[in-house]
Amino acid sequence: MLLLAGCWDERLYKDHTVVSLVGIEGTFGEMKSYFAYPELQSGNSEITIIEADGVDVRDTRLNADLKVEQAMDLSMMSTLLISETTAKDGLNKYLDVFYRDPTNSITAFLVLVDGNLKDYMEASKSWTTEAGEYFARFIRSKEEVSIVPNRTIQTASAILYSDGMDLVLPYMVLKENEKRPELGGVGLFSKGKYTGRVLKPEQSRFLGLLLQERGRKIKYSTTYKDLPLSFTILDVNRKWKFESPNTMKMDYELEVELEEFSDAGLRNVTKISELENFINKKITEEVNEVIEILQDEKCDALGLGNFFRVKNPQMFDDNWHETFANLEIQVEIKSEILKTGLIH
């Protein structure tokens, strides 16, 4: 029992500056990092931003430590903001430092930002919550409706080191004279580098459908015969198969709940069938548009490369991204309306 009476790895809050939000921008040789943490000033807790330059991310961290009275601690980091310039140069080499320190948080969300990264850090000073946790809650809420996929430092690593799948990250925009950023969509990567192309939020939700992320709901609104139609996709079941060596067939079965539709004919089976056919056509159009963008950018965000590696390995090689760009992908959507929302 005497041997168990101590905490050999004890780390006290009073001895560390606990950082919740980190931002990195630039490329090797000219890196800049930002660190946001709460600090007690005049009896109130306020967000303090530390800015540091360096030749790489680790160097900026060491230089930032010279500006605080306590050693910085990233174990509570909620979000890592990344500039477009850094992302276009390839993420692997910039994230490596976060994996090597066992005290770093690897469950922090990765977020791409448009424009000057410093503006996002400065904007966090006006928030009542911890800066990093605000971004984390924001991203989680968008995950629940499939607008963005779950991508943390840890989950992104598995994709970045995979030859059969490409990364996508939440993309945030801070408009002029605005105090809070908004979601601009998801940024597309190819071979670990940001392509500069962004799927808009109304498009990225269908990427979530294609990825078939369990437990996510997808909301959609349109018009049908001049009537507003809103529905939620409750569940998605998919089946992928080869039609020919260069043709991929992707079948999706959707369970749908109507949220808004004022037509009184919903008790009619024929009317329901007509509405299901309309939803099938509409979703197919949206999905094909997303797939076209992915192929244009050679971004295999669906992980088809991993599927081919197992099911049709002769098609998968070092030139996979070119193969993916020229692959014929056929999508078939079949929806079933389980709930009409009728109350009488």
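How many salt bridges does the structure hold? In this predicted model, the structure holds 14 salt bridges. These contacts are described below, after a short account of the overall fold, and are followed by the aromatic pairs, the charged surface patch and two residues with positive phi.

The protein consists of 344 residues, and buried residues account for 51% of them. Its secondary structure comprises ten helices and 14 strands. Along the principal axes, the C-alpha atoms fill a box of roughly 70 × 55 × 55 Å.

Among the salt bridges is the one between E51 and K32, in which the closest N and O atoms are 3.1 Å apart. E51 belongs to strand β4 (residues 44–54) and K32 to strand β3 (residues 30–41), so this salt bridge ties together parts of the protein that are 19 residues apart in sequence. E51 has a relative accessibility of 27% and therefore counts as partly exposed, since that class covers values between the limit for buried, under 20%, and the limit for exposed, over 50%. The contact between E51 and K32 does not stand alone: through shared partners, salt bridges join K32, E51, D53 and K118 into one network.

A further salt bridge is formed by E332 and K249, with 3.3 Å between the closest N and O atoms. Here E332 lies in strand β14 (residues 328–339) and K249 in strand β13 (residues 247–260), so the pair ties together parts that are 83 residues apart in sequence. The two partners fall into separate exposure classes: E332 is partly exposed, with a relative accessible area of 31%, whereas K249 is buried, with a relative accessible area of 15%. E332 also forms a salt bridge with K334, in which the closest N and O atoms are 3.9 Å apart. K334 has a relative accessible area of 48%. This value is under the limit of over 50% that defines exposed residues, so K334 is classed as partly exposed.

Aromatic side chains provide another set of contacts, and the count comes to 14 aromatic pairs. One of them joins W240 and F307 in an edge-to-face arrangement, with 5.5 Å from centre to centre and 80° between the planes. This pair links distant parts of the chain, as W240 is in strand β12 (residues 227–244) and F307 is in helix α9, 67 residues apart. Both residues are on the buried side of the limit of under 20%: W240 is buried with a relative accessible area of 12%, and F307 counts as buried at 17% relative accessibility. In another pair, F316 and W320, the ring centres are 5.7 Å apart and the planes meet at 35°, so this pair is tilted. Both F316 and W320 are buried. These four residues also take part in a wider arrangement, in which ring pairs link W240, F242, F307, F308, F316, W320 and F324 into a cluster.

On the surface, E202, E289, E292 and D296 form a negative patch. Helix α8 (residues 269–296) contributes the largest share of this patch, namely three residues. E292 is placed in helix α8.

Two lysines have a backbone angle that deserves a separate note. K191 has a positive phi of about 55° although it is not a glycine. Its place is the loop between β9 (182–190) and β10 (193–199). With a relative accessibility of 61%, K191 counts as exposed. K298, also not a glycine, has a positive phi of about 55°. K298 is located in the loop between α8 and α9 (304–311). The relative accessible area of K298 is 29%, so this residue is partly exposed.

Terms used
Residues are numbered from 1 along each chain as its sequence is written. Side-chain values use heavy atoms; hydrogens and water are left out. Patches are made of residues with over 30% relative accessible area and no salt bridge: like charges are joined within 9 Å, nonpolar side chains (Val, Leu, Ile, Met, Phe, Trp, Tyr) within 5 Å. Accessible areas come from the Shrake-Rupley method with a 1.4 Å probe; for residues, only the protein chains shown count as cover. A salt bridge is a side-chain nitrogen of Lys or Arg within 4 Å of a carboxyl oxygen of Asp or Glu. Lys and Arg count as positive and Asp and Glu as negative; His and the chain ends are not counted. The place of a charge is taken as NZ of Lys, CZ of Arg, CG of Asp or CD of Glu. Helices (H or I, at least four residues) and strands (E, at least two) are DSSP runs, numbered from the N terminus. Buried means under 20% relative accessible area, exposed over 50%, partly exposed in between (1.4 Å probe, protein chains only). Rings of Phe, Tyr and Trp (its six-membered ring) pair if their centres lie within 6.5 Å; planes under 30 degrees apart count as stacked, over 60 as edge-to-face and the rest as tilted.
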